[in-house]
Amino acid sequence: MSFRRIRILILLGILAGALGFTWLEQWMVRGWGTALAVDLVPINGDGSAAAAATIAALDAADFDDINAFLERETARYGVRVAPAMHLEVLPEAKARPPAPPQNGNVLETVWWSLKLRGWVYRQSGQWLPQLGRVKLFVLYHAPQDGVALAHSLGLQKGLIGVVHAYADPRQQGQNNLVIAHELLHTLGATDKYGAGGFPVYPDGVADPSLPADAPQREAEIMAGRYVNAAGKLTMPASLELCVIGPKTAHEINLDAAFARRYGAGG
Ligand SMILES: [Zn+2]
């Protein structure tokens, strides 16, 4: 066999392995029969003292409202797992993940996602990939007036989230909202906001029984914002004001749990 053929075979093998792992991992995390395993790795996103102090004080309990949100919302779809999530805060990572391409084409994006998965594997310090564990990298930044954070993201392939968060205890509720949003992306949920960040109707609103132009009081988690009584696009202060809507529930495989519990036609 020529060297070229061997090389192609090896590449195909890696690809098949990656696809197989993705299938296996999705099967593991979308069963909703046991607590979701989540590793959270903090990173100092801007080298600031505020981020360092936030990371030094981090505790798994800081993320309890994500678990409370998951328990409350998945229970509405028939899941009975408590805790819904088992989150561990791992030691700080000193390196930052590769940044996504700015307006990249498909190839650049695929290449970046492979690089990111390679980076995650290398920094885990383990020989074997951590299958079935969601890996969330949270980059803390000192708040700066008028400076928006980079876009957070969650990838289904590899169960990887990269979240940009504020190093400010007053932002904890909203940081956790963003983390929960990216966590659900890793389980297959899609965004439900459109132009200008406005929720898409009806899938992106908390109460789709109301007309499209009616104000809402809560947000659908994958829209992340709602339009309030004053007509303003609002980010809820915490996950207590967020719900998992039916479309998101379907995307993260909660239908199966619902059918199991209520025997909806098998
Ligand atoms: Zn999103």
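The radius of gyration used here is taken over C-alpha atoms, and the globule rule is 2.2 Å times the number of residues to the power 0.38. The structure is a predicted model.

**Exercise 1. Overall dimensions**

Task: Compare the radius of gyration of the protein with that of a compact globule of 266 residues.

Solution:
1. For 266 residues, the rule puts a compact globule near 18 Å.
2. The protein has a radius of gyration of 19 Å, which agrees with the rule.
3. The principal axes add the extent of the C-alpha trace, about 70 × 55 × 35 Å.

**Exercise 2. Burial and contacts**

Task: State what percentage of the residues is buried, and what percentage of the contacts with a separation of 6 or more joins residues 24 or more positions apart.

Solution:
1. A residue counts as buried if 20 or more other C-beta atoms lie within 10 Å of its own.
2. By this criterion, 32% of the 266 residues are buried.
3. Of the contacts with a separation of 6 or more, 69% are between residues 24 or more positions apart.

**Exercise 3. The five-stranded sheet**

Task: Work out which strands stand at the edges of the open sheet.

Solution:
1. The protein has seven helices and nine strands.
2. An open sheet of five strands follows the order E2-E1-E3-E5-E4, and its pairing is mixed.
3. Strand E2 (85-89) and strand E4 (153-155) each have a single partner strand, so they are the edges, and one side of each lacks a neighbour in the sheet.
4. From one strand to the next, the twist averages 25°.

**Exercise 4. The E1 and E2 pair**

Task: Describe how strand E1 is joined to E2.

Solution:
1. Strand E1 covers residues 36-44 and runs parallel to E2.
2. Five bridges join the two strands.
3. Within this pair, Ala 37 is opposite His 86 of E2.

How values were computed: Residues are numbered from 1 along each chain as its sequence is written. This is a predicted model: local features need pLDDT of at least 70, side-chain atom pairs count only at pLDDT 80 or more; totals for chains, interfaces and linings use all residues. Helices (H or I, at least four residues) and strands (E, at least two) are DSSP runs, numbered from the N terminus. A residue is buried if 20 or more other C-beta atoms lie within 10 Å of its own, exposed if 12 or fewer, and partly exposed in between; C-beta atoms are placed from the backbone. Two residues are in contact if their C-beta atoms, placed from the backbone, lie within 7 Å. Two strands pair if DSSP finds at least two bridges between them. Axes are lines fitted to C-alpha atoms, for helices over the stretch in contact, and angles run from 0 to 180 degrees between N-to-C directions.
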